[in-house]
Amino acid sequence: MKKFFILCFLTSFLLISCSKNENKEDEIEETEIEIPLSIYQKIYKTTSDIYIQDGFVYIHTDGVPDHKSPYFPVNHELYESYDGSNPFVSNFNKNPNGISTLSLRFRIPNKPKKASFSGPTPLGPIGVSLNGVPFYNQYAGPDQPLTREINSFDQFNGHPAPLGPGLEDGFSGRYHYHMEPFWITQSKGKDALIGFLLDGFPVYGPVENGNPIYSISLDEYHGHSHATSEFPDGIYHYHVTSDDPYINGSGFYGVPGTVNE
Ligand SMILES: [Zn+2]
Ligand SMILES: [Zn+2]
């Protein structure tokens with residue numbers, strides 16, 4: 001009887017250590033990617049040099065777009081009235097906010113890895129596009145779809161939100177994209193890398209291998225894994241799509257970093 005117990009004990013010990021090793025191998029596969037600085041440097045509008053420290057990349061931007069918009073003051077060199085070109089806008093309705101110079105400090109994992117649990121993304125910045133303008137999620141407010149807000153998007157598909165209580169003077173706001181940043185996909189290509197979400201995984205345009213991508217071919221977080229031009233060995237990445245939820249689905253795929261305003 002004693003021998004039987006010892007045998008049982010040894011067998012279960014062996015089984016446990018085997019399964020532990022298998023888990024370890026899975027984790028190693030997931031954490032292999034370390035994104036080089038040169039890829040982050042495709043973010044071309046920053047307020048200081050991009051740097052990597054202790055497993056994070058630091059990206060500082062002022063959130064001001066480098067393209068024209070009706071949300072700049074009329075005497076600003078980048079002011080341009082709405083030109084009617086945004087296919088998502090049925091009846092342009094300029095909101096009362098303007099574009100403010102912000103101080104956005106993104107701290108994003110340099111070795112992005114899958115989260116064991118993904119909660120919904122927060123309101124406010126969920127990532128950064130190549131021109132330093134933040135990405136926002138698919139909601140206008142808590143559980144409010146974008147439906148009505150879309151008509152306030154400008155010709156490059158962005159708009160400003162109020163700065164917040166106390167600061168809201170009717171002319172100041174945080175400019176952001178909930179959907180495809182047209183300025184970037186027009187200048188870099190519809191299939192190009194267009195930015196990163198807070199979890200460190202890259203975001204690509206709405207076209208892949210010459211074909212448009214829709215949400216139905218992506219997972220619940222709005223991404224999938226395969227090789228891209230920046231990551232020939234394959235990486236998990238998001239795509240912007242013309243259909244809801246546009247940039248991200250039900251949360252970050254990876255463990256998110258932080259952003260300070
Ligand atoms: Zn918005
Ligand atoms: Zn893809």
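Which protein residues are the donors of the zinc ion (ligand 1)? In this predicted model, the donors are His-159, His-176 and His-178, each through its NE2 atom. Beyond the zinc site, the briefing covers one cis peptide bond, between Asp-244 and Pro-245, and the positive phi angles of Asp-54 and His-222.

**Zinc site**
- The NE2 atoms of His-159, His-176 and His-178 lie 2.0 to 2.1 Å from the zinc ion (ligand 1).
- Along the sequence, the spacing of these donor residues follows the pattern H-x16-H-x1-H.
- Two of the donors, His-176 and His-178, are both buried.

**Cis peptide bond**
- The peptide bond that joins Asp-244 to Pro-245 is cis, with an omega of about 15 degrees.
- Pro-245 belongs to the loop that runs between strand S15 (235-239) and strand S16 (258-260).

**Residues with positive phi**
- Asp-54 is not a glycine, yet its phi is positive, at about 50 degrees.
- The loop between strand S1 (51-53) and strand S2 (56-61) contains Asp-54.
- Asp-54 is exposed, because its relative accessible area is 72% and the cut-off for exposed is over 50%.
- His-222, likewise not a glycine, has a positive phi of about 85 degrees.
- His-222 is located in the loop between strand S13 (211-212) and strand S14 (223-226).
- His-222 counts as buried, because its relative accessibility is 2% and buried means under 20%.

Terms used:
Residues are numbered from 1 along each chain as its sequence is written. Chains are lettered from A and ligands numbered from 1 in the order in which they are written. This is a predicted model: local features need pLDDT of at least 70, side-chain atom pairs count only at pLDDT 80 or more; totals for chains, interfaces and linings use all residues. Side-chain values use heavy atoms; hydrogens and water are left out. Donors are N, O and S atoms within 2.8 Å of the metal (3.2 Å for Na, K and Ca); water is not among the atoms, so sites may look incomplete. Buried means under 20% relative accessible area, exposed over 50%, partly exposed in between (1.4 Å probe, protein chains only). Helices (H or I, at least four residues) and strands (E, at least two) are DSSP runs, numbered from the N terminus.
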